[in-house]
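This report describes selected local features of one protein model. It treats a charged residue, a sheet and a metal site in turn.

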Amino acid sequence: MATVEIQNRILEFPSNPEIDSEEEVGEWLEAFDQVVEAEGRQHGRTLLSALVERARESGVNVPVQLNTPYVNTIPVEEEVPYPGDRLLERRIKSLIRWNAMAMVHRQNKKDPGIGGHISTYSSLATLLEVGFNHFFHARYGDQPGDFIYFQGHSSPGVYARAYLEGRLSEEQVKNFRHELRGAPALPSYPHPWLLPDFWHFPTVSMGIGPLNAIYQARFMRYLENRGIIPATPRKVWAFVGDGETDEPESMGSLTLASREKLDNLIFVINCNLQRLDGPVRGNGKIINELEAAFRGAGWNVIKLVWGSDWDKLFARDKSGILLKRMEEAVDGEYQSYKAKGGEYIRREFFGKYPELLAMVADMSDDELHRLNRGGHDPQKVYNAYKRAVENKHGPTVILAHTVKGYGLGSAEARNATHQEKKLADQALTAFRSRFAIPIPEQAARDGSLYRPPDNSPEITYLLQRRKELPHREVPASNFDAPTLDHFAESIAGSKGRAVSTTMGFVSMLRQLLKDPKIGKLIVPIIPDEGRTFGMESIIRQVGIYASQGQLYKPHDQDMLLYYREEKNGQILEEGITEAGSMASFTAAGTAYANYKVPMVPFFTYYSMFGFQRIGDMVWAFADSRGKGFLMGGTAGRTTLAGEGLQHQDGHSLVLSSTVPTCHSYDPAYVYEIAVIVQDGIRRMYQEGEDRFYYITLYNEDYAMPEMPPGIEEGILRGIYQYRPAAQGQAVVQLFGSGSILNEALRAQEILANKYAVPANVWSVTSYNELRRDALAVERWNRLHPADTEKRPHILTALDGADGPIIAATDFMKAVPDQLSPWLCNRLVTLGTDGFGRSDNREHLRQHFEISAESIAVAALSRLARDGKFDAQRAQNAFQELAVDAEKIDPAIA
Ligand SMILES: Cc1ncc(C[n+]2csc(CCOP(=O)(O)OP(=O)(O)O)c2C)c(N)n1
Ligand SMILES: [Mg+2]
């Protein structure tokens, strides 16, 4: 049998007696052991890699091994010494630990139930402190510094450090979670909305931080490759909980990071083995599970399992029994060892094998309990970070083994530790002694804060090590928004040609990309939907961003609109991931603050797969004070025909209305979009307003009219009269939005021609803007009863326009109903409540009762009820206009 074949057989059938020669294997192993002994582990690794490579070349099917032994990736002999003052850093860390704990404790004593977390930070302290003291940069030359995505629940520790640095005042710290008392205070978690010069990234909704961090690192490369910012050694650090990795968002985009070779990205996973309720993987090992997942996804994995205390035990272990025991024990047991102390560890861990027990015979129970885990050992952490920062082959993840509730005495490693908010008096004094906090016993019991004097060695060192932390800063705007003249083509209308608002928008985007001033700042983002929206020409115009350029000849290269990928391409074509696209939108929409470049993102997607799928990320975007345009394509439950209920969106406008800084518009004509986009760019980037836009785009083709004069303000505020009654004083008002405005216009004709009922037609571009205005006015009136009452815009806009209002929309009735409090019983709403169908537009609009005929009969019906039209004639109209009055309610169909 050929050698290759034998090897293959061994791998496939390792227990085949015919070929499984123990002796032969033994010889190979012995030879290998000798090499490692004589030349070191690194040499062993090199040899083995070469052998594997050779085997692959010879066609040997080498099994993939994703897990390494349950020890540190960096062997002790490869470590470099710690560069800092360990003792002083430990003092500082102790003070931060104390203040973090005290901040939460005292607040809960004062205000039970106000909440807060002490055990997440207690596990993370060393991991953060080594970063703060030795790795995180405030800036690189004139460029901003590193980005840190903190675990949201560790915020007390981040605050406590800033307090020692003097960046936060004692008053702020004392008002942790008490922001509404007229004094400087601190919000619970990282919220740029609430503390804009401190926090960059809202991370407390789990999974969003790691996902956004990946796309942030990618966006940094995008800006560099496009020549918008210079390349720097800047890093994105994401601190992630081990329980947090359960979230699909945390793990869903790992391959993007390796594919893009993001060596500017470092994940630190705080493997304290616990989440909120209990162990993360009680029956297994979260570190090994994550190692395999990250390595499989192509990341550089650094396991940081054991602290230096274990090194001497490893040195004593000649047979490998210690590693064997470590491999055997599962996380549930590792948790118990810390929860139950030294005697238990001796009995349950070391006691399993006499040889192992003998190894620790000279150690006290207390020493066994204190055998440190990797994530609590600055020396090990420093070395892991150093490797990560120096790695040039892609992203790195550090899997750091820690203890949840570290140092909290009876709360350490307990299942309930996450919910611990207060410590008993005894635990507080024990904490004070363990970490040597120089305050009187009573002060300890009260959870008093402690900051040494400015000239103390601790504060001096702290400030010396780090002049300034990365903090959020927004430069003054020097952005000149293009005026409406730049949108001339969009305003001129389509000259009778039938086009969709989507097509109109794409042309507008093409023009914006050509703008000499802001063209390069535009970031078009699409999730594999470019062709759906007719964006091929944009792909040709500015190219798709591809960090490696285009390594292949596209098959359509000889065509005008070929698939063009370029290293400095401008489009972010994200593939089928709305979450990933939203993360890019977030990186781009906050670049004005993070990179000091006012990028203007347009994320165009299937509106159905937006807010309802990634709403939490949109919320975080708003918290981040993000700017830009979300363009909801294929909008409308009846306008997107043929696709059925999973595609047809009739509710994204309801969902978008819930986000405070999101301004939602449902335009019917391209000139409306032009006015909204122009003003949006001006307000967000020139005026510096914290807002962003959601604009629906439809795929129905119709002639786009030229913009009538004097309606810009109406478009922006949400309503303008588009076509008054041709003859006579209107007795009914028809509201239409988006593509359904055309149905309202047709209804106007039916009513005039068949029933001699004059009606005005209004384009309602935003019910939500009108509602927000009315709410603000109403609030002012409520608060100022002695002043002259103000009127909401919706009422002044309708001055002189009498009769019932029939509001028809391709969205749910809840959208126009937002105006009910002010339009009272004048309002009749027609919308698309219920599941969609796969039929064509005509049938869908009949089904949902928003067709022109349905609008016309709704008007007659309402006029009849008001005594303004003959009731029987109204009833007959249903038959005349073929509207089935007895069909099933679409809301429940
Ligand atoms: C999306 C989301 N779901 C649930 C929570 C509630 N929550 C807060 S902390 C936590 C447990 C965190 O465990 P882990 O990620 O391991 O972090 P640790 O505190 O252990 O460091 C949970 C479930 C949340 N913040 N976000
Ligand atoms: Mg955890």
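Apart from neighbours within four places in sequence, E578 is in contact (heavy atoms within 4.5 Å) with P527, F603, F609, R613 and I614. The model is predicted: local features need pLDDT of at least 70 and side-chain atom pairs pLDDT 80 or more, whereas totals for chains, interfaces and linings use all residues. Residues are numbered from 1 along each chain as its sequence is written, chains are lettered from A and ligands numbered from 1 in the order in which they are written, and side-chain values use heavy atoms, without hydrogens and water.

E578 belongs to helix α25 (residues 578-589); helices are DSSP runs of H or I with at least four residues, and strands runs of E with at least two, numbered from the N terminus. E578 is buried (under 20% relative accessible area, 1.4 Å probe, protein chains only). It has no salt bridge (side-chain nitrogen of Lys or Arg within 4 Å of a carboxyl oxygen of Asp or Glu). The nearest side chain of opposite charge (Lys and Arg positive, Asp and Glu negative; His and chain ends not counted) is R613, 4.2 Å away.

An open, mixed sheet has the strand order β18-β20-β19-β21-β22, where pairing requires at least two DSSP bridges. β18 and β22 are edge strands with a single partner each, so one side of each lacks a neighbour in the sheet. β18 runs antiparallel to β20 and is joined to it by 4 bridges; Y720 has S763 as its bridge partner in β20.

| Edge strand | Residues |
|---|---|
| β18 | 719-723 |
| β22 | 827-830 |

The magnesium ion (ligand 2) has the protein donors (N, O and S atoms within 2.8 Å of the metal, or 3.2 Å for Na, K and Ca; water is not among the atoms, so sites may look incomplete) D242 (OD), N272 (OD1) and Q274 (O), at 2.0 to 2.1 Å. Both N272 and Q274 are buried.

Notes:
Buried < 20%, exposed > 50% of the residue type's maximum accessible area, 1.4 Å probe, protein only.
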